[in-house]
Every structure is written in C-alpha cells, then in structure tokens.
Amino acid sequence: MSNLLFYNAAILTIDPEYRTYENGFICIQGDRIEAIGPSQAMTDLGDFAAYRKIDCGGKIIMPGMINTHCHMSMMVFRSLADDVPDRLRRYLFPLEARAMNRELAVTGARYAMAELLLGGVTTVYDAYYFEDDIAEAVAASGMRGVLSETVMNTPTPSAAQPYGGIPYTRNFVKKWQGHPRVMPAVNCHALYTNDTEHLRECHRIAADHDVTMCMHVAEMDFEQQKCRDEFGLTPVGYLHQIGILDERFLAAHAINVDDQDIDILADCGVNVSYNAGSNAKSAKGVAPVAKMMAKGIPVSLGTDGPMSGNTIDIVTQLSLVGKIQKLFQNDRSLFPPREILRMATINGAKALRMDHLVGSLERGKRADMVIFETDSVNMSPIYDPSAAIVYSANPSNVWATIVDGEILMENRKLLTLNFESAKQDLLRSCQKIEAIAKTLDREIATHN
Ligand SMILES: [Zn+2]
C-alpha cells in the first residue's frame, strides 16, 4: 500500500462543520487520513517524496458513500418481474426457492460489488443467503461490508430447516468478528417471516456480540395488517413491545410509521435506512424522512436489492431523495444537497455504528473516499460542488473509489475485481434463471 497525496481538488469533508475546500489536498498514510486542508497549506507538511502524488485538476473528493440496505446476490434476478403485484410472495420467494444456490449468490455479489465500486460505494450493508461465501468475496475485493445471513421461518436456499439462519448467524458472527473490513451482523427478514421468540433470539445474538441487527420494518401493507390483527399494534409498536428496538437496530424502509412510531424509534436510538428508489418503484409509499430526521434519527440511504431498485449505487438515490421528499412535503426548501450528502455518508456510518472510523474526511479516520470527475458534459458549470454531486452527477462520473487507503477503482477501471470474468459468470447464470422465470410467469398468468 503506497502513501497517497491528492491535491488541486474540491473537497467536501462532511465533517460536523461541513468544511469544504475549494482547492484542497488530502494526504493518506497507509489506511488513514494523515492531513487534509487547503492546497496552499500543503508545503508546510514537507516534500512528500515517498508519496504517489495525484493532481486532481478540479475533481471533487468526498467521503465514500455507504449503502445501508442491499441484497447484492439478487443481481442475478435484476429486471425480472418489475411490475408484478405482491411480487415478494408471488414471484420472488418461489424464484429463490427454485434457482438460488451458493454459486449464484457469489456470482451475483461479485458483479454487484463491481457496480458498487464503480458507483462510489465504499461500504455496503448486505443481507442474503450464503453470507459466509459472500464475506470471502467482499474481503477479497477490498470493500468494506457489514454482512448478515437472513433468518426466516421457512427453509431458505442456504438452510434446510426453518430458522436455519440462526445457527448460521451464530457461526458467522464468531468467524468474522474482528476482521478489519468485514463486519458480521444479524438479519431477521421481517416480522411476517419471523415469530416473536425467534426475533428475540436474534436480538440476543446481536446484543451478546454487540453487532448490528437489521430488519425490513413497516414496509408492506400485509405487515401492517398482520400486526393490527394479531397484536393491535403498528409494526414499530410491536417490535418495541417485545423489547428488541435499541441503538444496534437498523430498520430498513420504515415507510408506514406514524408520529408515535417515530417517537419510539427516536427514543430507542434506532437507525433507519431510507430506500427512495425501491420504495417509489414498488408504490409502497413515501417514508416520512423529514419528520424522522427532525426527531434526531440519523436516516441513511439504501437501495434494496437490484431486483427492487435495479441500480445499487448511491449517486442515483441522491437526487431521488431530494425530489421525492420535496414533492411529498410540498416544500422546495427541504433537503438541501448538504443534508442529502450527509445521509449518504456520515449517517450511513452512524447506522452501521462505524462513524468513528468512516463517513467523513477527517484526520485520523480511515481513508474511505470517492473522487468525481468534472469534465463530462453533465458536470458543468459547478457553483456548488454539493449540488453538482446531488443533482448533476450520475454514477459514471465517479473517477476513483478508495477504501482503507487502497485505490479499488481508478479512472473507471476496477483494480481488485475482474469485471470481465464477473460479467461472464453473471451472463452464464442468467440462462438457467430465464427458463425458471418463464415457468413462473406462466404459473402467475394461469392463477390470475
Ligand atoms: Zn430489502
């Protein structure tokens, strides 16, 4: 690992003061940020003889983006059944039962990591099956990942017995805890796929090992209905009553939450992953993000799986967050670009309980960062770099992605992942999936 000096760049630190340097430098020693500031202060630090020096020529540097809700392996299913109503139960679960296996899970995850790194994501939260194999792939890629095996009340592609995800998770957490970049977590799929006893058991595992526990919360209409009918409560009210909401808890989606739910989430220190694109496409509703943030909940950004939101970079989500939330609240002044960039970076780090390590560019923190080029047609003019990233940029403007001081993507080339082989593996796997998908389409048509 060489020491790196980036200079002549616009830098958005996203530190607590949101310090920005119109013409700045950032000096990286090993995996840490050694110094950061305006370019004219660089000469005070010595001659940097032992550094690789990169003249950024006006590019924009910001902290790496953090995707707090993804199912990477579902890449192999991208663009299937986009418009099927009640797709999860009618299409996805049967498809996974027939098609998903260890090899496909890894194939999908490797390709997904290529897209994440090319789109400036440095940390991903992933929940799926065969997570131990996915963890090996994440470790090899150089990315940072918070990974978890899905727990459900039915057999899954990786577990022959209902709740087989629980023993899997116990071993998985023990094996990966302490890894410098791969952090294990616990994932209960949802309250409609887990009973109270097993939700509590998952919560115990997360507490015993002090790791994140994630769950789809207040996302589905039938979830709301089940809670009302069985417990007379909202999903958040029920999870609170059974005692599993705390500062380790990461609630994905949180669409159907009322004012009382938001108070509970805030009081318990729960973190929320907002999935703007996936929520919109599934027509499930608009999460009341402004209300949640006003109560101090650090709402972060996720994409959901590639079968739900189709793209898994965070750049695409940025402008969606602004546009959907402004429209929802009928207020153009809400969600300025700086707030949206905080959601994509430091709030993601808080959600995954790693904000002491990453999420902002500050001396002593890990060097996880992303560099945007500013030469492409959509990137001029730039009066405000934060606005340019949120509303002008697309993921193909990401020029470099760096994790722990290691450049994983530079000038659109992946340096730790072989994109061509990942793509060939993906395309080969699609042939088998297509045949299964056609059978499912026929079955759904017959039952309509
Ligand atoms: Zn999800």
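Helix 6 is followed by Gly232, a residue whose phi is positive, near 65 degrees. The model described here is predicted, so that local features are reported only at pLDDT of at least 70 and side-chain atom pairs only at pLDDT 80 or more, whereas totals for chains, interfaces and linings use all residues. Residues are numbered from 1 along each chain as its sequence is written, and side-chain values use heavy atoms, with hydrogens and water left out. Helices (H or I, at least four residues) and strands (E, at least two) are DSSP runs, numbered from the N terminus.

Within helix 6, which spans residues 221–231, the residues Phe222, Glu223, Gln224 and Cys227 are buried, a term that denotes under 20% relative accessible area, with exposed set at over 50% and partly exposed in between (1.4 Å probe, protein chains only). The cover over the buried residues of helix 6 includes helix 1 (87–99), strand 10 (213–217) and helix 7 (235–241).

Strand 10 also belongs to an open sheet of eight strands, arranged in the order 6-7-8-9-10-11-12-13 with parallel pairing, where two strands are taken to pair if DSSP finds at least two bridges between them. Strand 6 (65–70) and strand 13 (299–301) stand at the edges with a single partner strand each, and therefore one side of each is left without a neighbour in the sheet. From one strand to the next, the twist averages 25 degrees. Strand 11 (residues 249–253) is joined to strand 12 by three bridges, the two running parallel, and Leu250 stands opposite Asn271 of strand 12. Three bridges likewise join strand 12 (residues 271–274) to strand 13, again in parallel, with Val272 opposite Val299 of strand 13. In a regular strand the side chains alternate between the two faces of the sheet. In strand 12, Asn271 and Ser273 point one way while Val272 and Tyr274 point the other way, and all are buried.

Helix 2 (residues 102–118) and helix 3 (residues 131–141) pack at an angle of about 30 degrees, their axes lying 9 Å apart; axes are lines fitted to C-alpha atoms, for helices over the stretch in contact, and angles run from 0 to 180 degrees between N-to-C directions. Helix 2 is therefore roughly parallel to helix 3, given that angles under 35 degrees count as roughly parallel, over 145 as roughly antiparallel, 65 to 115 as roughly perpendicular and the rest as oblique. The contact (heavy atoms within 4.5 Å) is made by Arg102, Ala105, Val106, Ala109, Arg110 and Met113 of helix 2 and by Asp133, Ile134, Ala137, Val138 and Ser141 of helix 3.

Outside these elements, His198 is found in helix 5 (residues 196–209) and, at 14% relative accessibility, counts as buried. When its neighbours within four places in sequence are left aside, His198 is in contact with Tyr163 and Ile166.

Several loops carry notable backbone geometry. Most residues other than glycine have a negative phi, and most peptide bonds are trans. Ser79, in the loop between strand 6 and helix 1, nevertheless has a positive phi near 80 degrees. Phe335, placed in the loop between helix 11 (315–329) and helix 12 (337–344), has a positive phi of about 55 degrees although it is not a glycine, and at 3% relative accessibility Phe335 counts as buried. A cis peptide bond, with omega of about -5 degrees, joins Ser380 and Pro381, and Pro381 lies in the loop between strand 14 (369–372) and helix 14 (385–392).
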